[in-house]
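Please open the model in your viewer and keep the sequence panel beside it. The tour below proceeds by selection, with a note at each stop on what is there.

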Amino acid sequence: MTAEGIRKAILEIIRDILPDEDLGSLAPDKTFREQINLDSMDFLDIVMELRKRYSIEVPEKDYPNLATMNSSVGYLMPKMERL
Amino acid sequence: MRYDNIIIGAGLSGLAAGIRLARYGGKTLILERHDRAGGLNSYYHAGGHYMDVGLHAMTNYNPHGPSSAPLLKLARQLKARLADFGLVPQGHSKIVFPGASLSFTNEFAHFQDEVAKAFPAQKDNFAKLARLAGEYDELNLNAKHASGRETVSSIITDPLLAEMIMCPLLFYGGSREGDMDLGQLVVMFKSLFFEGFARPLGGMKTVLGLLLDIYAKEGGEIRLETGVKQIVAGDGGVSSVVTDMGEIIECARVFSSAGLWETVALCPQARPEGVQSGPGRLSFMEAVYVLDRPARELGEDSSIIFFNNTPAFIYKKPDEPLDLRSGVICFPGNFGDNGVEGPPMARLTSIADYAYWIGIEDPREYLRSKIEWSAKALKAIGAVTPDFSRNVVFRDVFTPKTIKRYTGHINGAVYGAPDKLKRGETPVAGLYIIGTDQGFLGIVGAMLSGITVANLRLAGKD
């Protein structure tokens with residue numbers, strides 16, 4: 001999977017979790033939490049969906065890596081490039 | 001046959017936990033002793049009429065609230081659409097004490113105005129209480145205990161107003177006699193006053209049907225008429241459950257909504273250390289009336305009435321079969337234009353003495369007693385609402401005995417034990433408590449309870 005593919009995958013996951021949020025103008029270098037209404041339970045669901053859809057494990061200590069789109073893509077690249 | 005998760009009880013907490021676990025936590029099975037889902041909030045038919053169990057209203061009605069609002073969070077977590085609950089908001093509810101009556105709606109400002117009108121000297125104090133509630137983080141599962149009643153009384157210096165505020169909070173979420181933990185009080189204050197009431201148009205059947213559908217879509221399994229008589233645990237924690245019929249089902253985790261002490265009866269090693277009190281002591285009788293005309297036509301337009309006929313609100317197990325001094329009256333038709341499918345109804349709930357009701361063995365004596373005491377309860381609300389006794393087409397009454405029979409909860413305690421397990425953890429690895437004894441109460445609370453404990457485990461806290 002390319003970086004763009006990973007970005008799309010993450011967007012799709014967030015779209016499923018927050019169906020009513022407008023994700024069109026999501027800035028890639030700002031945190032998700034400051035741009036959309038993502039609470040801690042929603043964030044956990046991102047981790048859960050990555051596990052469910054792609055069998056990717058994200059340990060709790062790595063959660064800060066998922067704060068922005070850019071950092072998420074960077075973090076997930078080695079885990080997802082084989083997909 | 002081995003499951004990742006077994007859930008004991010197909011009530012609201014079990015179904016909600018089931019949805020989360022089935023989606024993210026592997027192979028999940030719900031075991032329910034009764035022939036249907038719902039538990040403390042189920043449904044049945046009597047005399048040809050559909051009847052809800054335990055449903056007056058759902059709290060936390062705040063459909064346009066921030067995404068952190070409990071009801072919206074709940075819908076997201078369950079992958080449900082809020083519209084599917086078919087919620088119809090209340091008109092207004094009332095708290096009626098001798099010499100004072102306060103109404104409240106789904107807009108908090110209305111309640112504030114009512115308090116200011118009836119208790120002008122307490123206007124600022126009430127604002128202070130509201131601020132405290134607003135700033136309190138009730139989702140902090142590690143908060144220290146404090147007395148809710150003492151906190152309220154230290155701020156609201158008119159005892160009558162303090163009692164009137166405590167009354168609905170206790171009736172809808174009090175597991176302890178006479179008081180509630182400050183955290184719980186804040187949850188109830190926000191749920192009832194900041195947010196509000198609504199009822200699902202189709203009743204519990206709609207809500208349960210929705211949850212069961214979602215659960216099935218996530219691949220969850222459920223077995224009705226399958227009770228659990230033992231939870232087997234070894235050194236490594238939970239290993240299996242044994243059903244009433246003796247079938248052994250292996251599992252990695254068990255989430256029990258049976259109640260803390262009920263679960264300890266299934267698994268003695270689950271007895272928590274440091275928990276002071278035993279099972280809860282508060283149970284209720286409820287009479288459900290089918291009326292021949294809408295309550296509005298009889299002159300009653302309140303959705304719910306919390307009444308108390310003495311200056312102080314006594315919230316404890318009564319010495320008599322029923323406590324006739326207080327109660328809750330719900331008019332489902334007074335939600336929205338007509339918040340109920342089917343005929344007009346009224347529900348009257350009174351605090352009841354479990355020991356009396358469970359002690360009646362002869363069915364005819366039980367029926368006679370139900371008729372006698374529900375008639376007394378109906379008489380006692382004469383000053384509170386127009387008399388509808390001549391408009392009753394059908395009546396069904398359930399008692400603490402009924403609650404015990406269909407849910408297994410000790411003492412018929414619908415709000416569970418006074419001491420809660422906020423994180424749902426027991427000394428047994430892999431065995432968790434969800435539902436009333438985890439601590440989130442009511443219909444919305446129960447669902448959040450299942451979700452919260454399931455999420456703790458899904459996040460890898462094992």
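## Stop 1: the start of a helix

Begin by selecting B:Gly442, which is found in helix α13 (residues 442-461) of chain B. Bear in mind throughout that this is a predicted model. B:Gly442 counts as buried because 27 other C-beta atoms lie within 10 Å, and the cut-off for that label is 20 or more. Show its contacts next: leaving out residues up to four places away in sequence, B:Gly442 touches B:Thr59, B:Tyr172 and B:Gly173. If you also mark B:Asn411, you will find that B:Gly442 and B:Asn411 are 31 residues apart in sequence, with 18 Å between their C-alpha atoms.

## Stop 2: a pair of helices

Two of those contacts, B:Tyr172 and B:Gly173, lead to the next selection, since both belong to the α6(B) side of a helix pair. Select helix α6 (residues 159-173) of chain B together with helix α7 (residues 182-195) of chain B; they pack at an angle of about 100°, and their axes are 10 Å apart. That angle makes α6(B) roughly perpendicular to α7(B).

Which residues in α6(B) and α7(B) meet? From α6(B) come B:Pro168, B:Leu169, B:Tyr172 and B:Gly173, and from α7(B) come B:Gln184, B:Leu185, B:Met188, B:Phe189 and B:Leu192. Coloured by class, the contact of α6(B) with α7(B) shows 7 nonpolar and 2 polar residues, with no charged residues.

## Stop 3: the two domains of chain B

Now widen the selection to chain B and colour it by domain: domain 1 is 2-64 + 202-275 + 415-461, and domain 2 is 87-200 + 279-406. The C-alpha centres of domain 1 of chain B and domain 2 of chain B lie 26 Å apart. Their contact takes 27 residues from domain 1 of chain B and 33 residues from domain 2 of chain B. On the domain 1 side, the elements of chain B that give two or more residues are β4 (49-52) and α8 (203-217). By class, that side of domain 1 of chain B has 13 nonpolar, 12 polar and 2 charged residues.

## Stop 4: a strand residue and a covered helix

Select B:Ser350, whose place is in strand β16 (residues 345-352) of chain B. Is B:Ser350 buried or exposed? B:Ser350 counts as buried, because there are 24 C-beta neighbours inside 10 Å. Apart from neighbours within four places in sequence, B:Ser350 is in contact with B:Phe284, B:Met285, B:Leu322, B:Asp323, B:Leu324, B:Gly327 and B:Ala377. A distance label between the C-alpha atoms of B:Ser350 and B:Val328, which are 22 residues apart along the chain, should read 6.8 Å.

From β16, move to helix α12 (residues 400-407) of chain B, which is mostly covered, with 6 of its 8 residues buried. Those buried residues are B:Pro400, B:Lys401, B:Thr402, B:Ile403, B:Tyr406 and B:Thr407, and they pack against β16 as well as β13 (283-291), α10 (354-358) and β17 (392-398) of chain B. Step on to B:Gly408, just after α12(B), where the backbone takes a positive phi of about 75°.

## Stop 5: chain B as a whole

With chain B shown as a cartoon, its secondary structure comes to 13 helices and 18 strands. The C-alpha trace of chain B spans about 60 × 50 × 40 Å along its principal axes. A compact globule of 462 residues would have a radius of gyration near 23 Å, and the 21 Å of chain B agrees with this. Buried residues make up 55% of the 462 residues in chain B. Of the contacts in chain B between residues at least 6 apart in sequence, 73% join residues at least 24 apart.

## Stop 6: chain A and its contact with chain B

Finally, select chain A, which has 3 helices and 0 strands, so that its elements run α-α-α from the N terminus on. The radius of gyration of chain A is 12 Å, close to the 12 Å that the globule rule gives for 83 residues, so chain A is as compact as a globular protein of that length. Its C-alpha trace spans about 30 × 25 × 20 Å along the principal axes, and buried residues make up 24% of the 83 residues in chain A.

To end, display both chains: their contact takes 9 residues from chain A and 11 residues from chain B. Helix α2 (residues 40-54) of chain A gives the most to the chain A side, with 5 residues. By class, the side of chain A that touches chain B has 4 nonpolar, 1 polar and 4 charged residues.

Definitions and conventions. Residues numbered from 1 in each chain as written. Chains lettered and ligands numbered in written order. Predicted model: local features only at pLDDT ≥ 70, side-chain atom pairs only at ≥ 80, totals over all residues. Contact = placed C-beta atoms within 7 Å. Helix = DSSP H or I, 4+ residues; strand = E, 2+ residues; numbered from the N terminus. Nonpolar A, V, L, I, M, F, W, Y, C, P; charged D, E, K, R; others polar. Axes fitted to C-alpha atoms, helices over the stretch in contact; angles between N-to-C directions. Parallel < 35°, antiparallel > 145°, perpendicular 65-115°, else oblique. Domains from an automatic or database assignment. Rg over C-alpha atoms; globule rule 2.2 N^0.38 Å. Buried ≥ 20, exposed ≤ 12 C-beta atoms within 10 Å, placed from the backbone.
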